[in-house]
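Student: I would like to go through this chain with you, beginning with the whole and then turning to the helices and single residues.

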Amino acid sequence: MSIEKIVEQALQDGYLTPVMETEVGRICDTASELSIEEYMALDRLMGALLTGEVVAVPRKQFINVMEELVLTEAVAQVAEIESKSDRILDVGDVAAYALNRLPPLYATTEEGARYQRQRAKEELHDLITQQVSAALARNLDRPDFGCERQALGKSGGNDVLRQVSSLLQVYAPNFEPTDPIYSIEESQVMSQEF
C-alpha cells in the first residue's frame, strides 16, 4: 500500500493503526527518495495527528500467561518421560495440544501477568497438569513412521487398492482372512468379464 493510500485511509477512519504506521515507516526506510506527493501526504498526516483529526492507536503489548505455564509443565513432563525411555517427544506439539483445551489468560501489564499466574496456580494447576498429561498420552500413542512414511499416489482406483494392499501386507504379514477374498488382480479380471 502506498503512503498516499495509507494517509487517505487514516483520514477517512480517523485513526492510524500500528500496522499502517509500520508500513509508512517501511516505505520511508526503503525508498531512496520520496516523491512530492508522498511528502505532501506525510505532511497532511502529521497535521491531522497534531490537530486530533487522526488518532494514533497505541501499540498494545499482551501475553497469554497460559502459554508459559503450559510450556513449563510440558517441558517437565517430557523430560521425565525422555529420561526413562528412548522416545523423543516434541514439546511444541504437546504444548499446542494442551493449550487448545485450556482457557487463555491474557495480560497487558506485568502486574496483570503476576495476577494471572497466581490465579492459574491456585485454580487451574490440576487442569493444566491433566491437559499436558493427555497431550503426552496422545503423542505417545501416535505411531512413529519416521522417514518411511509415504503418501498414497493419486492415480486410478486400482492403483490405490494395490498400494493399500501392499501397505496392509507390510503391517499384517501373517493375517489370513477366514472368508475367501479375491485378490486385486482376481477382482479386476472378474470385473472385466462382466
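Student: Counting contacts in the chain with a separation of 6 or more, what percentage comes from residues 24 or more positions apart?
Tutor: This is a predicted model, so the value is computed from predicted coordinates. The contacts counted are those with a separation of 6 or more, and the share asked for belongs to pairs 24 or more positions apart. That share is 70%.

Student: In what order do the helices and strands run from the N terminus?
Tutor: The chain has 9 helices and 4 strands. A helix opens the series and a helix ends it. From the N terminus on, the order is α-β-α-α-β-β-α-α-β-α-α-α-α.

Student: What percentage of the residues in the chain is buried?
Tutor: A residue counts as buried when its relative accessible area is under 20%. The chain has 194 residues, and the buried ones make up 23%.

Student: How much of the exposed area do carbon and sulfur atoms supply?
Tutor: The chain exposes about 14,500 Å². Of this area, carbon and sulfur atoms supply 54%.

Student: Are helices α1 and α2 roughly parallel or roughly antiparallel?
Tutor: Helix α1 packs against helix α2, residues 18–30, at an angle of about 155°, and their axes are 10 Å apart. Angles over 145 degrees count as roughly antiparallel. Therefore α1 is, relative to α2, roughly antiparallel.

Student: Which residues make the contact of α1 with α2?
Tutor: By class, this contact has 7 nonpolar, 1 polar and 1 charged residues. On the α1 side are I3, I6, Q9 and A10. On the α2 side are M20, E23, V24, I27 and C28.

Student: How are α1 and α3 oriented to each other?
Tutor: Helix α1 covers residues 3–13 and helix α3 covers residues 36–51; the angle between them is about 25°, with the axes 9 Å apart. An angle under 35 degrees counts as roughly parallel. The two helices, α1 and α3, are therefore roughly parallel.

Student: How many charged residues does the contact of α1 with α3 have?
Tutor: From α1 the contact takes I3, E4, V7, A10 and L11, and from α3 it takes E37, E38, A41, L42, R44, L45 and A48. By class there are 8 nonpolar residues and no polar ones. The charged residues number 4.

Student: Y39 lies in α3; what is its exposure class?
Tutor: The relative accessibility of Y39 is 49%. Exposed means over 50% and buried means under 20%, with partly exposed in between. Y39 therefore counts as partly exposed.

Student: How far apart are the C-alpha atoms of Y39 and E4?
Tutor: Along the chain, Y39 and E4 are 35 residues apart. Their C-alpha atoms are separated by 9.2 Å.

Student: What term describes α4 relative to α7?
Tutor: The axes of α4, residues 65–84, and α7, residues 125–141, come within 10 Å and cross at roughly 50°. This angle makes α4, with respect to α7, oblique.

Student: Is the crossing of α4 and α7 left-handed or right-handed?
Tutor: Residues of α4 including M66, L69, V70 and E73 meet residues of α7, among them H125, I128, T129 and V132. By class, the contact has 10 nonpolar, 4 polar and 1 charged residues. As for handedness, the crossing is right-handed.

Student: Which residues does R117 touch, not counting those up to four places away in sequence?
Tutor: R117 has its place in helix α6, residues 110–123. Because its relative accessible area is 18%, R117 is buried. With the sequence neighbours left out, R117 touches I63, V65, E68, L69 and E110.

Student: Is N64 buried or exposed?
Tutor: N64 lies in strand β3, residues 63–64. Beyond four places in sequence, N64 is in contact with P104, L105 and Y106. Its relative accessible area is 12%, so N64 is buried.

Student: What is the C-alpha distance between A137 and V94?
Tutor: A137 lies in helix α7 and, at 38% relative accessible area, is partly exposed. A137 and V94 are 43 residues apart in sequence. In space, C-alpha to C-alpha, the distance is 9.3 Å.

Note on methods: Residues are numbered from 1 along each chain as its sequence is written. This is a predicted model: local features need pLDDT of at least 70, side-chain atom pairs count only at pLDDT 80 or more; totals for chains, interfaces and linings use all residues. Side-chain values use heavy atoms; hydrogens and water are left out. Buried means under 20% relative accessible area, exposed over 50%, partly exposed in between (1.4 Å probe, protein chains only). Contact means heavy atoms within 4.5 Å. Accessible areas come from the Shrake-Rupley method with a 1.4 Å probe; for residues, only the protein chains shown count as cover. Axes are lines fitted to C-alpha atoms, for helices over the stretch in contact, and angles run from 0 to 180 degrees between N-to-C directions. Angles under 35 degrees count as roughly parallel, over 145 as roughly antiparallel, 65 to 115 as roughly perpendicular and the rest as oblique. A crossing is left-handed if the near helix is turned anticlockwise from the far one by less than a right angle, and right-handed if clockwise. Ala, Val, Leu, Ile, Met, Phe, Trp, Tyr, Cys and Pro count as nonpolar, Asp, Glu, Lys and Arg as charged, and the others, Gly among them, as polar.
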